[in-house]
Amino acid sequence: MPDRPEIVFICGSTRFVDEMSAANRDLTFAGVIVVAPGVFLRAEDELITNEQKTALDALHLRKIDLADRVLVVNPGGYIGESTSREIAYAHTTGKPISFTDPV
């Protein structure tokens, strides 16, 4: 028996906030520790600076470091630039990666 619950990092386009929230809920009810984006921005809602975007991107990589595996929320198979970078990083660190939809 593991000494702690599994830790899963959820990533994907922030346009899929509802789908990420559902995945977070389902995993949490399954006894998983969920690490997920803390900021969901859409261009029409709020602007962030380049420095803030860079800091958020780096923070997501550190969240991957904490996780046992990565779940990519990708309705319709969509994977954007930031998510692609996170997938590549997770791959280089040897983290298992799964997807909600076929890629």
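How many positive and how many negative side chains does the chain have, and how far apart do the centres of the two sets lie? There are 10 positive and 15 negative side chains, and the two centres are 3 Å apart. For this count, Lys and Arg are positive and Asp and Glu are negative, with His and the chain ends left out. Each charge is placed at NZ of Lys, CZ of Arg, CG of Asp or CD of Glu.

A quick word on the ground rules. The model is predicted, with local features needing pLDDT of at least 70 and side-chain atom pairs counting only at pLDDT 80 or more, while totals for chains, interfaces and linings use all residues. Residues are numbered from 1 along each chain as its sequence is written, and side-chain values use heavy atoms, with hydrogens and water left out.

On to the overall fold. The chain has three helices and four strands, and from the N terminus they follow the order β-α-β-α-β-α-β. Helices (H or I, at least four residues) and strands (E, at least two) are DSSP runs, numbered from the N terminus. With a radius of gyration of 14 Å, close to the 13 Å that the globule rule gives for 103 residues, the chain is as compact as a globular protein of that length. That radius is taken over C-alpha atoms, and the globule rule is 2.2 Å times the number of residues to the power 0.38. Taken along the principal axes, the box filled by the C-alpha atoms is roughly 45 × 25 × 25 Å.

What about the inside and the outside? Buried residues account for 31% of the 103 residues; buried means under 20% relative accessible area, exposed over 50%, and partly exposed in between (1.4 Å probe, protein chains only). The accessible surface adds up to about 6400 Å², and carbon and sulfur atoms own 57% of that. These areas come from the Shrake-Rupley method with a 1.4 Å probe, and for residues only the protein chains shown count as cover. Among contacts with a separation of 6 or more, 79% join residues 24 or more positions apart, where contact means heavy atoms within 4.5 Å.

The structure has one aromatic pair. Its partners are F16 and Y78, set edge-to-face at 6.1 Å centre to centre with 70° between the planes. F16 sits in the loop between β1 (7-12) and α1 (17-29) and Y78 in the loop between β3 (69-73) and α3 (81-92), so the pair ties together parts that are 62 residues apart in sequence. Rings of Phe, Tyr and Trp (its six-membered ring) pair if their centres lie within 6.5 Å; planes under 30 degrees apart are stacked, over 60 edge-to-face and the rest tilted. F16 is buried at 11% relative accessibility, whereas Y78 is partly exposed at 34%.

Right beside F16 in the sequence, R15 belongs to the loop between β1 and α1 and is partly exposed at 47%. R15 and L41 are 26 residues apart in sequence, with their C-alpha atoms 8.0 Å apart in space.

Two other residues are worth a look. I97 lies in strand β4 (residues 97-99) and, at 27% relative accessibility, is partly exposed. Leaving out residues up to four places away in sequence, I97 touches V70, V72, I87, A90 and H91. S82, in helix α3, is partly exposed at 24% and, with the sequence neighbours up to four places away left out, touches K53 and D57. The C-alpha atoms of S82 and V72 are 12 Å apart, with their positions 10 residues apart along the chain.
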